[in-house]
2 protein chains.
Amino acid sequence: MRFRSNLRSVCVFVICLSTALQLRAQNDPLPSWNDTAPKRAIVAFVDKVTKEGSPDFVPVSDRIATFDNDGTLWVEQPMYVQLRFALDRVKELAPQHPEWKTTQPFKGALDGDMKAVMASGEKGLVQLIMLTHSGMTVEQFQQIVTSWLASATDPKFHKPYTECVYQPMVELLAYLRANGFKTFIVSGGGIEFMRPWALKAYGIPPEQVIGSSIKTKFQTVDGKPDLIRLPEVNFIDDGPGKPVGINQFIGHQPIAAFGNSDGDQQMLEWTASGSGARFMLIVDHTDGQREYAYDRKSSIGKLDKALDEATAKGWTVVSMKDDWKQIFAFQQ
Amino acid sequence: MRFRSNLRSVCVFVICLSTALQLRAQNDPLPSWNDTAPKRAIVAFVDKVTKEGSPDFVPVSDRIATFDNDGTLWVEQPMYVQLRFALDRVKELAPQHPEWKTTQPFKGALDGDMKAVMASGEKGLVQLIMLTHSGMTVEQFQQIVTSWLASATDPKFHKPYTECVYQPMVELLAYLRANGFKTFIVSGGGIEFMRPWALKAYGIPPEQVIGSSIKTKFQTVDGKPDLIRLPEVNFIDDGPGKPVGINQFIGHQPIAAFGNSDGDQQMLEWTASGSGARFMLIVDHTDGQREYAYDRKSSIGKLDKALDEATAKGWTVVSMKDDWKQIFAFQQ
């Protein structure tokens, strides 16, 4: 009798414990993160800035967090998604541009010769982007992007690009918003290339997406007003351009910033320079099996100086291999 | 007995009616508006876009409303507040610029000769603004603006400028936000001149203020990163620049726009051009007694072509004299 009673108690205890653990797992806002230093640092930061009465408390209006996109929120290898889009656009527009058959980088794009495309350098790449991204209304461009993303797939994961977003970062965005943060994208990529899908993929609305841009012109034809995209650079939101873009669009300093490459270094420095609690995080691509392994020597998403600075200043560095339980939602 | 019972019923009815009317008055979100056509049009628009199942229903993410600032949200006569700020800055900076004693428009600013200042034309005024607004960090500029606004007063109302905001428009901003709208300023005025006080005056945070700007440069001196304001125009957010600015900063079309001059015409056209329910409103300054009376012939805040278009297209036109019960909070 005594034994059976004890057994019953143990059973009840085990059931309770199991339920409690399940609940705890359900309540974990960052389930795709391993319980290592980066996750602990994130939670500790959020706790201290949201706790009223804490010396580090930050009012909701100042809880601004900025995220790089390529390589921080979604895959950037083996080439930036937007470059892939531009190359596909070259093929589509080629009939209207017979001169492209003999002019680089367009010839390279048509021949599938990436070496020739890359050899055209920054000037050539900017021209490639500008000419394939202009000459239509902003509305038409949105439709072109949306329609391209609906059919294009990532060459390694064979999934739509909008599914190749990092699940731990999607959870982090939601966790910050649940704690009163306003989350912004601050990317070197095209602002109007990201806006059509950022809400669905990341929960970030168009007005919280900052990026590089070409100029637009307002014109009215037959009484219909339109914004036409011009083949002229407006703003490059990369490197030192990131704090400039943040100031221009947001008008105050972030208290948290997230990047993965040297192009994010100044954004993190600018974030770190403010007074009060600050959080700076760098994603290091260390997982050649589940994603890619690259940093100091990569031509895309090079992470070298910013990694040194992160180490020197104690910024949080995420090793994708060690700190992320899962990288993509589709990799269950 | 019967009479007394009836009397009691009447008394109870009157008390109930009076309470109901009081409650209704307390619940009126636009108490400074007369019950005339503009107020009714605003309420009807908000009702139809927020009513689920209505053919005009608009989801919260698309409830974007844009407001001009000078002359729409606060006083712009007898000169733009920011011009007054620039003139005061000229006096303050004059000891460092001996050449200003003999160069227009600076000489005019120092002599209090507004005719000479205005005679320098747009080029002169832009130079006046640029040189008085640059050469410091963005943080220092915020402090300069804040400190100037704390002591400067409007020459007609003898109140701080931040109190010379239109009470009916402040109520309108709050009413729209209470109905799920995101409210933005889209002004020809300087973006960094407005941001330090727009939250307190209008409930609009820095990241929802769009305006004209000069360039900034990111630099690190002795390990301290800063954004330095340069004497170089970055963007003019006026006329056709307003839809361009809206697209650049917000990334989707507003469904409601509010202005008071020809400089707002393209913003209202751009807003009107979208599909679905739209609301365009122009504030006409018709109250020489309580504020100022000016429109078609004014050099500041000229309202001529936009007024014709408003009439032709049935946009809402507010006559400040007839449609606003009260103009400023201090005019009780």
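The following paragraphs lead through a predicted model, beginning with chain A as a whole and ending with helix contacts within and between chains.

Chain A contains 13 helices and 8 strands. Its C-alpha trace extends over about 90 × 45 × 40 Å along the principal axes. Of the 332 residues in chain A, 52% are buried. The chain exposes about 15400 Å², and carbon and sulfur atoms supply 55% of that area. The contacts within chain A also reach across the sequence: among those between residues at least 6 apart, 66% join residues at least 24 apart. A separate pair of positions illustrates sequence separation in space, since the C-alpha atoms of Pro59(A) and Phe181(A) are 122 residues apart along the chain. Those two C-alpha atoms are separated by 9.6 Å. Pro59(A) lies in the loop between helix H2 (37–50) and E1 of chain A, and its relative accessibility of 38% places it in the partly exposed class.

Two helices may be followed in detail, one from each chain. In chain A, helix H6 (residues 121–133) comprises 13 residues. From its first C-alpha to its last it reaches 18 Å, close to the 18 Å expected at 1.5 Å a residue. The buried residues of H6(A) are Gly124(A), Leu125(A), Leu128(A), Met130(A), Thr132(A) and His133(A). Their cover includes H3, helix H4 (106–111), helix H5 (114–119), H7, E3 and E4 of chain A, a set that contains helices and strands. After H6(A) comes Gly135(A), with a positive phi near 90 degrees.

In chain B, helix H3 (residues 81–93) offers a second case. Its end C-alpha atoms are 18 Å apart, in agreement with the 18 Å that its 13 residues should span at 1.5 Å a residue. Buried positions in H3(B) are Val81(B), Gln82(B), Leu83(B), Phe85(B), Ala86(B), Leu87(B), Arg89(B), Val90(B) and Leu93(B); Gln82(B) and Arg89(B) thus appear in this list beside residues such as Leu83(B) and Phe85(B). Among the elements that cover these buried residues are helix H4 (106–111), helix H5 (114–119), helix H6 (121–133) and helix H7 (138–151) of chain B. Strand E2 (182–190) and helix H9 (191–202) of chain B also contribute to this cover.

Several loops carry notable backbone geometry. The peptide bond between Gln77(A) and Pro78(A) is cis, with omega about -5 degrees. Pro78(A) belongs to the loop between strand E1 (64–67) and helix H3 (81–93) of chain A. In chain B, a cis peptide bond runs from Gln104(B) to Pro105(B), where omega is near 5 degrees. Pro105(B) sits in the loop between H3 and H4 of chain B.

Positive phi values occur in chain A at residues other than glycine. His158(A) has a phi near 55 degrees and is placed in the loop between helix H7 (138–151) and helix H8 (167–178) of chain A. Is His158(A) buried or exposed? Its relative accessibility is 60%, so His158(A) counts as exposed. Asp222(A), likewise not a glycine, has a positive phi of about 50 degrees. The loop that holds Asp222(A) connects strand E3 (209–221) and strand E4 (224–235) of chain A. With a relative accessible area of 81%, Asp222(A) is exposed.

The remaining features concern helix packing. Within chain B, helix H10 (residues 241–249) and helix H11 (residues 265–272) pack with their axes 7 Å apart and at an angle of about 55 degrees. H10(B) is therefore oblique to H11(B). On one side of the contact stand Lys242(B), Pro243(B) and Ile246(B) of H10(B), and on the other Gln266(B), Met267(B) and Trp270(B) of H11(B). By class, the residues of this contact comprise 4 nonpolar, 1 polar and 1 charged.

A further pairing joins the two chains. Helix H10 (residues 241–249) of chain A and H9(B) have axes that come within 10 Å and cross at roughly 60 degrees. That angle makes H10(A) oblique to H9(B). Asn247(A), Gln248(A) and Phe249(A) of H10(A) form the contact with Ile191(B), Glu192(B) and Arg195(B) of H9(B). The residues of the contact between H10(A) and H9(B) are 2 nonpolar, 2 polar and 2 charged. H9 of chain B thus takes part in this contact between chains and is also among the elements covering the buried residues of H3(B).

Terms used
Residues numbered from 1 in each chain as written. Chains lettered and ligands numbered in written order. Predicted model: local features only at pLDDT ≥ 70, side-chain atom pairs only at ≥ 80, totals over all residues. Heavy atoms only, no water. Helix = DSSP H or I, 4+ residues; strand = E, 2+ residues; numbered from the N terminus. Expected span 1.5 Å × (residues − 1). Buried < 20%, exposed > 50% of the residue type's maximum accessible area, 1.4 Å probe, protein only. Contact = heavy atoms within 4.5 Å. Axes fitted to C-alpha atoms, helices over the stretch in contact; angles between N-to-C directions. Parallel < 35°, antiparallel > 145°, perpendicular 65-115°, else oblique. Nonpolar A, V, L, I, M, F, W, Y, C, P; charged D, E, K, R; others polar. Areas by Shrake-Rupley, 256 points an atom, 1.4 Å probe, with all protein chains shown as cover.
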